[in-house]
Amino acid sequence: MQTKINQYTEEINAFEPKSAEELESFRIRFLGTKGLLKDLFDEFKTVSPEEKRGLGKVLNEFKKLAEEKHQSFKEQFESGNSGQASDLDLSLPGEGFTIGGRHPLSLVRKEIVEIFKKLGFTVAEGPEIEDDWHNFSALNFPEEHPARDMQDTFFVKKDAENGDIALRTHTSSVQVRMMENGKPPFRAIMPGRVYRNEAISARAHCFFHQVEGLYVDENVSFADLKQTLFYFVQEMFGEGTKVRFRPSYFPFTEPSAEMDISCTICKGDGCPLCKYSGWVEILGCGMVDPNVLENCGIDSKKYTGYAFGMGIERITNLKYQIKDLRLFSENDVRFLKQFQSEII
Ligand code: PHE
């Protein structure tokens with residue numbers, strides 16, 4: 001038995017497997033359930049008690065040797081380092097991977113939100129599927145009034161008795177929800193996706209994104225509205241950008257206005273973007289109509305408020321001179337990756 005152990009020990013010491021398969025044959029030969037170690041232990045049971053003491057120690061050491069040899073090569077193979085020359089070239093450069101970037105609309109939305117946050121506005125959200133009350137009636141759109149056609153609506157369910165269900169056409173619906181569920185003062189902006197039934201072209205899409213704003217408190221005036229929007233424009237488009245207000249009409253504001261800024265390209269000199277007028281329109285705004293405040297349970301004798309709403313696509317187009325709205329929803333990485341270095 002001693003002779004056999006000596007012979008096997010030599011064999012194990014000289015063993016240098018070149019592959020995992022070779023190592024596996026080694027394991028089966030020595031350590032397997034029908035392996036040589038098992039045979040030796042069986043034989044050990046038959047030796048005389050005098051021999052057992054010395055031989056027991058030798059046998060245990062041999063067992064340890066075989067197990068350690070197996071374990072150390074197993075680890076080497078598993079960590080992919082066989083210690084042997086192989087066709088693995090560790091000096092090759094790694095495989096690169098492309099990281100995604102924020103969508104330009106998300107970047108600009110974030111920029112807009114950050115500016116208004118500095119002025120103390122909170123952010124409010126609401127559902128994209130709305131009922132007639134929140135999207136139209138509470139906002140002072142009379143029934144059958146042509147103003148409803150200003151916003152070609154996608155109806156989800158037509159229901160003359162309980163009111164229609166539709167995809168919201170603006171996030172003003174969130175303003176109604178906010179005023180109904182809280183108490184003044186309110187100072188919040190409402191970013192979100194809105195839907196209008198328009199043919200898709202370079203200049204129109206059936207969905208787009210808005211940030212609307214609402215400020216209701218005692219003694220809120222048009223001067224507050226002007227100053228807030230003026231500050232926003234300086235932050236967003238750079239100091240020195242001029243603003244002008246033109247009278248307009250919205251059912252939910254009185255008086256209403258549209259705001260233009262001096263053209264971001266020609267700075268007012270005249271170019272194709274501003275159609276040689278020097279001005280580009282960026283948003284609608286006005287003082288919240290007292291009817292709207294009353295519809296939402298707010299005392300219009302005590303409180304006044306202003307509201308405004310802008311399209312994020314429009315702001316993004318002006319900021320980056322993007323001429324086709326469809327680019328925003330095509331997900332072409334060549335377009336999207338141009339914005340990666342902007343704020344995260
Ligand atoms: N809700 C209007 C729109 O979608 C924008 C707006 C909001 C105008 C608030 C005035 C006041 O066009």
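User: A molecule sits in a cavity or pocket if more than half of its atoms lie within 2 Å of its grid points. Where does the ligand sit?

Analyst: This is a predicted model, in which local features need pLDDT of at least 70, side-chain atom pairs count only at pLDDT 80 or more, and totals for chains, interfaces and linings use all residues. Residues are numbered from 1 along each chain as its sequence is written, and side-chain values use heavy atoms, leaving out hydrogens and water. On a 1 Å grid over the protein atoms alone, a pocket is an open set of points with protein on both sides within 12 Å along at least five of seven lines, whereas a cavity is a set where a 1.4 Å probe fits but cannot get out; lining residues have an atom within 4 Å of a point. The ligand sits in the largest pocket.

User: How much space lies in the largest pocket?

Analyst: Grid points are joined across faces, edges and corners, and a volume is the space filled by probe spheres set on them. For the largest pocket, this comes to about 1500 Å³.

User: Which residues that line the largest pocket are the closest to its centre?

Analyst: The lining of the largest pocket has 49 residues. Closest to the centre are Arg203, Glu281, Ile282, Gly311 and Arg314.

User: Which polar side-chain contacts does the ligand's nitrogen make, and at what distance is Glu212?

Analyst: Among the 14 residues around the ligand (a heavy atom within 4 Å), His170, Ser172, Arg196, Gln210 and Glu212 come nearest. A polar contact is a pair of N or O atoms within 3.5 Å; His170 has a polar side-chain atom 3.0 Å from a ligand nitrogen, and Ser172 has a side-chain N or O atom at 3.1 Å from one. For a polar side-chain atom of Glu212, the distance to a ligand nitrogen is 2.7 Å.

User: What share of the ligand's exposed area does the protein bury?

Analyst: Accessible areas come from the Shrake-Rupley method with a 1.4 Å probe. Taken alone, the ligand exposes 320 Å², and the share buried by the protein is 92%.

User: Which helix gives the largest share of the lining of the largest cavity?

Analyst: There is one cavity of 30 Å³ or more, and the largest has a volume of about 40 Å³. Its lining includes Leu139, Ser172, Gln175, Met179 and Phe252. Helices are DSSP runs of H or I with at least four residues, numbered from the N terminus. The largest share, three residues, comes from helix α7 (residues 172-181).

Conventions:
Helix = DSSP H or I, 4+ residues; strand = E, 2+ residues; numbered from the N terminus. Polar contact = N/O pair within 3.5 Å; in protein donor to acceptor, adjacent residues only side chain to side chain.
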